[in-house]
Amino acid sequence: MFEIIPAIDIYRNNVVRLYRGDFDKIKIYGKPEEYFDKLKSSGINFVHIIDLEASKSGKFTAFNVLEMAKSRGFVVQWGGGIRKYDDVKELAKLGADRVIIGTVAFTDEETLDRILKDFGDKVLISLDFKDEKLCYHGWTSSISLELKDLQNKFANKNNLGFLVTDINKDGTLSDPSEELFESIRKIFPKHRLIGAGGISKKEHIHVLESIGFNGAVIGKAWVEGHIKFFDGRVI
C-alpha cells in the first residue's frame with residue numbers, strides 16, 4: 001500500500017518549512033497541536049516529524065512533540081540528528097515507529113550495522129541529494145558518491161528502506177525529481193523507497209507510484225493547503 005505521509009518540521013517548538021534546506025529561509029506556521037488536529041480531522045494517522053534543531057546540532061529538542069503525536073494516536077516517522085545507536089534506542093523507547101538516520105549511515109559503518117541489526121525494521125536511511133551530491137549532517141556536509149558505489153555500499157544489507165529527497169526541490173512547491181527517483185529505484189529494485197521534495201500536487205503522488213516508490217512525504221504543500229486530505233486520502 002502506498003504511504004501518504006504529511007511532514008511536520010519542528011524548529012524551536014514551531015511548525016516551520018525551510019526553502020531548499022536553507023535555515024536562513026525559514027517560514028514559521030504555528031504550533032504543532034494545530035497541525036496534528038488538522039491531520040486527525042482529515043483521517044490521517046501517519047506523520048513524518050523532523051527535529052530541525054537536532055539536525056543542526058545533534059541535540060534533541062522536540063521530544064515533547066513526539067509525545068504529543070503519540071498521545072493523539074499517530075504512527076510517527078521521526079528524523080533529525082539521529083547519529084548514535086543510543087539515539088535510535090531512545091526514540092524507539094519513546095514510541096517512534098520509524099526512525100530516519102543519515103549521517104551515521106555514511107560515517108560510521110560499525111554503528112550502522114548495530115542499528116540495523118537491532119532496529120532494522122524501524123529504520124529508514126536518508127538519501128538527500130543536492131546538486132548531484134549526497135548530503136548529511138543536517139544537509140551541511142556532502143560527499144560525491146556514484147550511484148554504483150551507493151548501490152554497493154548497501155548491497156549486502158537486507159530489509160533496508162530509504163527516504164530519498166532532492167533538496168533543490170524541497171520547500172519549493174515545484175515538482176518532484178523524476179530522474180533522481182527513477183535512478184534510485186533502478187539501483188534498489190527491491191527496497192522500500194519513500195520520496196520527498198517538490199511534491200506539491202496530487203498528480204505528483206501518482207508519478208511516484210508509477211516509478212515504483214512505496215510512499216511520499218508531503219511537506220509545504222499540505223501545510224499551505226495545496227494538497228488536502230479527507231478520510232485518510234489525498235483529494
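## Strand β1 and its partners

In this predicted model, strand β1 (residues 3-11) pairs with strand β12 (residues 215-218) in the parallel sense, over 4 bridges. Within this pairing, isoleucine 5 of β1 has valine 217 of β12 as its bridge partner. Strand β1 also runs parallel to β4, and 4 bridges join the two. Here the bridge partner of alanine 7 is histidine 48 in β4.

A further partner of β1 is strand β2 (residues 14-19), and this pairing is antiparallel, with 3 bridges. Isoleucine 10 is matched with valine 15 of β2. The hairpin of β1 and β2 has 2 residues between the strands, and arginine 12 in this hairpin takes a positive phi near 55°.

How many residues of strand β1 are buried? The count is 9 of the 9 residues, so β1 is largely enclosed by the rest of the structure. Both faces of the strand are covered. On one side lie Glu3, Ile5, Ala7, Asp9 and Tyr11, and on the other Ile4, Pro6, Ile8 and Ile10, all of them buried.

## From β4 to β5 and β6

Strand β4 (residues 46-51), which is joined to β1, also pairs with β5 in the parallel sense, over 5 bridges. Valine 47 stands opposite valine 76 of β5. Strand β5 in turn pairs with β6, again in the parallel sense, over 3 bridges. In that pairing, glutamine 77 has arginine 98 of β6 as its bridge partner.

Strand β5 (residues 75-79) is largely enclosed by the rest of the structure, because 4 of its 5 residues are buried.

## Salt bridges

A search of the whole structure finds 14 salt bridges. Side chains of opposite charge can pair when their charged atoms come close. One of these pairs is formed by lysine 38 and glutamate 34, with an N to O distance of 3.7 Å. Both residues belong to helix α1 (residues 32-41), where they are 4 residues apart, about one turn of the helix. Lysine 38 is partly exposed, at 35% relative accessibility, and glutamate 34 is partly exposed as well, at 39%.

Lysine 70 forms a salt bridge with aspartate 97, and their closest N and O atoms are 2.8 Å apart. This pair links distant parts of the chain, since lysine 70 is in helix α3 (residues 63-71) while aspartate 97 is in the loop between α4 (85-94) and β6 (98-101), 27 residues apart. Lysine 70 has 28% relative accessibility and counts as partly exposed; aspartate 97, at 28%, is likewise partly exposed.

A salt bridge of 3.7 Å, N to O, also joins the side chains of lysine 117 and aspartate 118. Lysine 117 is exposed, with a relative accessible area of 71%, whereas aspartate 118 is partly exposed, at 38%. In addition, Glu109, Asp113, Lys153 and Lys157 are linked in a network of salt bridges.

## A negative surface patch

Asp131, Glu132, Glu178, Glu179 and Glu182 form a negative patch on the surface. Aspartate 131 lies in the loop between β7 (123-130) and β8 (133-136). Is aspartate 131 buried or exposed? Its relative accessibility is 58%, so aspartate 131 counts as exposed, the cut-off for this class being over 50%.

## Loop residues

Most residues other than glycine have a negative phi. Leucine 173 has a positive phi, near 55°, although it is not a glycine. Leucine 173 is placed in the loop between β10 (161-166) and α8 (178-187), and its relative accessibility of 29% makes it partly exposed. Aspartate 231 is another residue other than glycine with a positive phi, about 55°. Aspartate 231 lies in the loop between β13 (229-230) and β14 (233-234) and is exposed, at 56% relative accessibility.

Isoleucine 227 is found in the loop between α10 (220-223) and β13. Isoleucine 227 has a relative accessibility of 3% and therefore counts as buried, since buried means under 20%. Isoleucine 227 and lysine 202 are 25 residues apart in sequence, and their C-alpha atoms are 6.7 Å apart in space.

Key:
Residues are numbered from 1 along each chain as its sequence is written. This is a predicted model: local features need pLDDT of at least 70, side-chain atom pairs count only at pLDDT 80 or more; totals for chains, interfaces and linings use all residues. Side-chain values use heavy atoms; hydrogens and water are left out. Buried means under 20% relative accessible area, exposed over 50%, partly exposed in between (1.4 Å probe, protein chains only). Patches are made of residues with over 30% relative accessible area and no salt bridge: like charges are joined within 9 Å, nonpolar side chains (Val, Leu, Ile, Met, Phe, Trp, Tyr) within 5 Å. Accessible areas come from the Shrake-Rupley method with a 1.4 Å probe; for residues, only the protein chains shown count as cover. A salt bridge is a side-chain nitrogen of Lys or Arg within 4 Å of a carboxyl oxygen of Asp or Glu. Lys and Arg count as positive and Asp and Glu as negative; His and the chain ends are not counted. The place of a charge is taken as NZ of Lys, CZ of Arg, CG of Asp or CD of Glu. Two strands pair if DSSP finds at least two bridges between them.
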